[in-house]
Amino acid sequence: MSVFEEMLAKINEFETIIIHRHQRPDPDAIGSQMGLKAILEKNFPEKRILATGFQEPTLAWMAEMDQVLDADYKGTLVIVTDTANTERIDDERYNLGDFLIKIDHHPNDDAYGDLLWVDTRASSASEIITQFAQEMKLTLTDQAAALLYAGIVGDTGRFLYPATTSRTFQVAAYLQTFDVDFASISRRMDEMNSRVAKLMGYVYDHLEIDENGAARVLLTQETLVHYQVTDADTAGIVSSPGRMSDVKTWAIFVEQVDGSYRVRLRSKTVPINEIAKRHGGGGHPLASGANSYSLEENDAIYKEIKEAVAHGSK
Ligand SMILES: [Mn+2]
């Protein structure tokens, strides 16, 4: 039996299925979670399918979360999508069910779950969910196709990043057969409000770039307040430095209310996930996140990036 077949057998076994994904959700987290929910509701109308997690306001256009009670977990199957490690799962009740499945595309450093499918070659968790539905001959709905497409567009930067493969396009082509306004999804995901646009101007203006293309910028609480943006809004400018031809690898340090720093790391070719891991984070080779607790640690992280880029560009 393939892992997909085992997963389907487990889905068949349970009456209630609760789907989780990671904290600070991005479109792939929501797309894979809610796309899977829509597929299961369509194919198993007798089952109760719930989705839990923080309702991220900037992604409310994709889907709304369910109100899930502790009592709902009794005798359930829990599926977690797009989440590398247990600490990142939103919410912490993922262990209250009878059986746990992990479906992910990040490096499998924390192999949690009673059954897991981790495919690091997949562009996104949404790509895996679509592949699962296709191979298991599950019917998709227009809504599921829209959610999964948004997830793939989000994680591939509209098919820009190297994780985009022929299978990504095959899956996207299949999703395109559904009745969805795909252009408006892509447009929506490319749009930003004027506050974020102005913050982007600040980022381009203040980016420090070394001779090899290692770049950094610091967004203090004062700056966030000045531009009237939240920490979540900074997701809209993470990829921006990469538009500059002389930037190869970059870090955006976002000061948090408690004085610590959220570090968003991106790279065109040189892997940066090991740097992220050394600073309480992790992620993909070219897209990671970390945490820093002082300006000195920020400097140390930038130094590691500079060294990695200098080494990688030789
Ligand atoms: Mn993802």
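The crossing of helix 3 and helix 5 is left-handed, meaning that the near helix is turned anticlockwise from the far one by less than a right angle. Before we go on, note that this is a predicted model, in which local features need pLDDT of at least 70 and side-chain atom pairs count only at pLDDT 80 or more, while totals for chains, interfaces and linings use all residues. Residues are numbered from 1 along each chain as its sequence is written, and side-chain values use heavy atoms, with hydrogens and water left out.

Let's stay with this helix pair. Helix 3 covers residues 125-135 and helix 5 residues 166-175; helices here are DSSP runs of H or I with at least four residues, and strands are runs of E with at least two. Their axes lie 10 Å apart at an angle of about 65°, and the two are therefore roughly perpendicular (65 to 115 degrees). On the helix 3 side, Glu 127, Thr 130, Gln 131 and Gln 134 meet Arg 167, Thr 168, Val 171, Tyr 174 and Leu 175 of helix 5, where contact means heavy atoms within 4.5 Å.

Helix 3 is mostly covered, with nine of its 11 residues buried (under 20% relative accessible area, with a 1.4 Å probe and protein chains only). Among them are Ile 128, Ile 129 and Phe 132. Just after helix 3, Lys 137 takes a positive phi of about 55°.

Now to the loops. Arg 24, between strand 1 (16-22) and helix 2 (27-43), has a positive phi of about 45° although it is not a glycine. In the loop between strand 4 (89-90) and strand 5 (99-104) you will find Asp 91, joined to Asp 90 by a cis peptide bond with omega of about 0°.

Terms used:
Buried means under 20% relative accessible area, exposed over 50%, partly exposed in between (1.4 Å probe, protein chains only). Axes are lines fitted to C-alpha atoms, for helices over the stretch in contact, and angles run from 0 to 180 degrees between N-to-C directions. Angles under 35 degrees count as roughly parallel, over 145 as roughly antiparallel, 65 to 115 as roughly perpendicular and the rest as oblique.
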